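Student: I would like a close look at a single part of this model, with the cut-offs spelled out as we go.

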Amino acid sequence: WVQADLGWLLHEQGRDADGEPFLRAALPVLRARLGDDHLYVSETMQRLGTVCTGLGRTEEALALLTDALARYGTLPGHPVEGWIACSGNLATLRWKLGEREQALAAYRAGHARARESLPADHYLVSIGMTNLAWMEGELGHLEVAVELLREALALSLANDRRADAELQQKR
């Protein structure tokens, strides 16, 4: 899994083209050593899908993210946080493909699951609100966007997550 971590680190540095070969090479190795149902296989699929999105390989990204999301939702040992993050990655891809309403519906579903499955002070709840507010705003749902940002800001400030709060204040 060191290859997968290296690939993801390169992605986080904005170097998708450099990270992609490491993630691609890691996937069959993880399947062979840990078994196809292992969390690291799902996580690597999600990460490779995200990198493929960044590289403009949308069909491959769509297949990887859709498969990873299904795995997060059905396989044992796969945390809800992984499902929520993967759902967000898939919604972002659909947004980039111009499937705005489908992306919004997917992001709303992910946010609803975060709110019902995670503590109110979990960072994924307020970050999800911020991302959902952006989509809502882009589609002209400004009152919904403002309300989401106000709530996200209040959660972030209440839980002393200053970086989150600064982002929400900017938006």
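Student: Are helix 5 and helix 7 roughly parallel or roughly antiparallel to each other? Please set the answer within a full account of helix 5.

Tutor: This is a predicted model, in which local features need pLDDT of at least 70 and side-chain atom pairs count only at pLDDT 80 or more, while totals for chains, interfaces and linings use all residues. Residues are numbered from 1 along each chain as its sequence is written, and side-chain values use heavy atoms, with hydrogens and water left out.

Helices here are DSSP runs of H or I with at least four residues, numbered from the N terminus. Helix 5 covers residues 80-96, and its 17 residues reach 24 Å from first C-alpha to last, close to the 24 Å expected at 1.5 Å a residue, where the expected span is 1.5 Å times one less than the number of residues. Just after helix 5, G98 takes a positive phi of about 90°.

Twelve of the 17 residues of helix 5 are buried, meaning under 20% relative accessible area with a 1.4 Å probe and protein chains only; among them are W83, I84, L90 and W95. The buried residues pack against helix 3 (39-54), helix 4 (58-74), helix 6 (100-117) and helix 7 (123-138), with contact meaning heavy atoms within 4.5 Å.

Two packed helices are described by the angle between their axes and the distance between the axes. Axes are lines fitted to C-alpha atoms, for helices over the stretch in contact, and angles run from 0 to 180 degrees between N-to-C directions. The axes of helix 5 and helix 7 come within 12 Å and cross at roughly 15°, so the two helices are roughly parallel to each other, a label for angles under 35 degrees, whereas those over 145 count as roughly antiparallel. Their contact is made by E81, I84, A91, T92 and W95 of helix 5 with L124, W134, M135 and E138 of helix 7. By class, these residues divide into six nonpolar, one polar and two charged, where Ala, Val, Leu, Ile, Met, Phe, Trp, Tyr, Cys and Pro count as nonpolar, Asp, Glu, Lys and Arg as charged, and the others, Gly among them, as polar.

With helix 6, the axis of helix 5 comes within 8 Å and the crossing is at roughly 165°, and therefore this pair is roughly antiparallel. The contact of helix 5 with helix 6 has ten nonpolar, five polar and four charged residues.

Note on methods: Buried < 20%, exposed > 50% of the residue type's maximum accessible area, 1.4 Å probe, protein only. Parallel < 35°, antiparallel > 145°, perpendicular 65-115°, else oblique.
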